[in-house]
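Biologist: Please take one part of this model and walk me through it closely. I would like to hear about the nonpolar core and the helices packed around it.

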Amino acid sequence: MSTGVNNRDQAMSLIKMTGITHAPIDVEKVAQRLGFTIIEADFPDNYSGEIFIEGNVKSIGINKNHNSSRKRFSIAHELGHYLNAHQNFDDGGEMLDDINFDFTNPIHRQEKEANMFAAELLMPKDFLIKDLNEFGLDINKLKEKYDVSEQSMWIRLTSLRLAEKYSK
Amino acid sequence: MITKEELGRKIRDLRSRNNKSQGELGNYLSKSHAAISDIERGKTELSVSDLNKISQFFGVPVENLLSETTSPYYAGTISLHRADRGMSDMDKIKMQKAREEFIKKAREINQ
């Protein structure tokens, strides 16, 4: 079972490997470094993306109608599936939220792991701390700088216990 | 062409990665778990209909079951599971079409 720390190490080494030094994290560049092409697809609104691997073919399809921060999250989420070696769960057909989260269900577990990786990649802890020290807990500034949704940023800041630390 | 033994290993690998028992796969194929064990050890020739059912069971295209790829990914697709709830039939059709186009494009680009 992978942990947040493994996801963190993996995300940080990818960021370094790709030569990224500041937010927003160039997630497409990270994907390309791992051999993926990004393809924009006309998915329905509630379908964010999918990963397709077949022999040498490695692609991530993202919803072309979504805004930049959602697209970025989808790419990072799919990379999380790839790096955690998740397998073959097609069309879960379920909406995941914390209320019906079931850790014994491998699909749920995989989705959560992929989201954890996405957070580590898009909002690296070290980067956040540096920015928080520089301009404090300014959520609008942070979400713009990292090009993530406000919700993702809040979840990230609270789970790292940075929100309470930096709030006045 | 993939051998029976390789195919059997692939099926066993897929099954364990998906946390399914031989009994569960057996139920789906109307076979005993012993029959599944034979398949996984390459003792049985699979029928086309069984191959189809296995591909459905794991959500993996038949051609990927039969390809000789050694990649840990048998070209299964992994989706963000935010989809489908409350999706209208129109949306489902749209999604299927968009997914097919995406996969087609992916194959073309990476040729």
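Modeller: What follows starts at the core and then moves outward to helix contacts, loops and the other chain. Keep in mind that this is a predicted model.

Start with the core itself. The largest nonpolar core has 39 residues. Those with the most contacts inside it are Leu79(A), Leu121(A), Leu128(A), Tyr146(A), Met153(A) and Leu157(A). Helix α4 of chain A, residues 106–122, gives the most to this core, with five residues. Where does the core lie relative to domain 1 and domain 2 of chain A? Domain 1 covers 4–122 and domain 2 covers 124–168. Both give residues to the core, so it lies between them. As a general background point, nonpolar side chains in soluble globular proteins tend to be buried together.

Now take Met153(A), one of the residues with the most contacts inside the core. Leaving aside residues up to four places away in sequence, Met153(A) touches Met123(A), Leu128(A), Ile139(A), Leu142(A), Lys143(A), Tyr146(A) and Val148(A). Two of these partners, Leu128(A) and Tyr146(A), are also on the list of residues with the most core contacts.

Met153(A) also takes part in a helix contact. Helix α5 of chain A spans residues 125–135, and helix α7 of chain A spans 150–159. Their axes come within 12 Å and cross at roughly 95°. An angle from 65 to 115 degrees counts as roughly perpendicular, so α5(A) and α7(A) are roughly perpendicular to each other. From α5(A) come Lys125(A), Leu128(A) and Leu132(A). From α7(A) they meet Met153(A), Arg156(A) and Leu157(A). By class, this contact has four nonpolar residues, two charged and no polar ones.

Next, look at helix α6 of chain A, residues 139–146, where Asn140(A) is found. Is Asn140(A) buried, partly exposed or exposed? Its relative accessibility is 42%, so Asn140(A) counts as partly exposed. Asn140(A) and Met153(A) are 13 residues apart along the chain, and their C-alpha atoms are separated by 9.5 Å.

Past α7(A) comes a loop that leads to α8, residues 162–166, and Arg161(A) is found there. Phi of Arg161(A) is near 60°, a positive value in a residue other than glycine. Most residues other than glycine have a negative phi, and most peptide bonds are trans. Arg161(A) counts as exposed, at 56% relative accessibility. Chain A also has a cis peptide bond, from Ala23(A) to Pro24(A), with omega near -5°. Pro24(A) sits in the loop between α1 (4–17) and α2 (27–33) of chain A.

Chain B adds a point of comparison. A second, separate core has 14 residues, including Leu25(B), Leu51(B), Ile54(B) and Phe58(B). Leu25(B) also belongs to the contact of α2(B) with α3(B). Helix α2 of chain B covers residues 22–29 and helix α3 covers 33–40. Their axes come within 8 Å and cross at roughly 100°. The two helices are therefore roughly perpendicular to each other. On the α2(B) side are Gln22(B), Gly23(B), Leu25(B), Gly26(B) and Leu29(B). They meet His33(B), Ile36(B), Ser37(B) and Glu40(B) in α3(B). The contact divides into three nonpolar, five polar and one charged residue.

Ser30(B) is found in the loop between these two helices. Its phi is near 55°, again a positive value in a residue other than glycine. Ser30(B) is exposed, with a relative accessible area of 66%.

Key
Residues numbered from 1 in each chain as written. Chains lettered and ligands numbered in written order. Predicted model: local features only at pLDDT ≥ 70, side-chain atom pairs only at ≥ 80, totals over all residues. Heavy atoms only, no water. Axes fitted to C-alpha atoms, helices over the stretch in contact; angles between N-to-C directions. Helix = DSSP H or I, 4+ residues; strand = E, 2+ residues; numbered from the N terminus. Parallel < 35°, antiparallel > 145°, perpendicular 65-115°, else oblique. Contact = heavy atoms within 4.5 Å. Nonpolar A, V, L, I, M, F, W, Y, C, P; charged D, E, K, R; others polar. Core = buried A, V, L, I, M, F, W, Y, C linked by side-chain atoms within 4.5 Å. Buried < 20%, exposed > 50% of the residue type's maximum accessible area, 1.4 Å probe, protein only. Domains from an automatic or database assignment.
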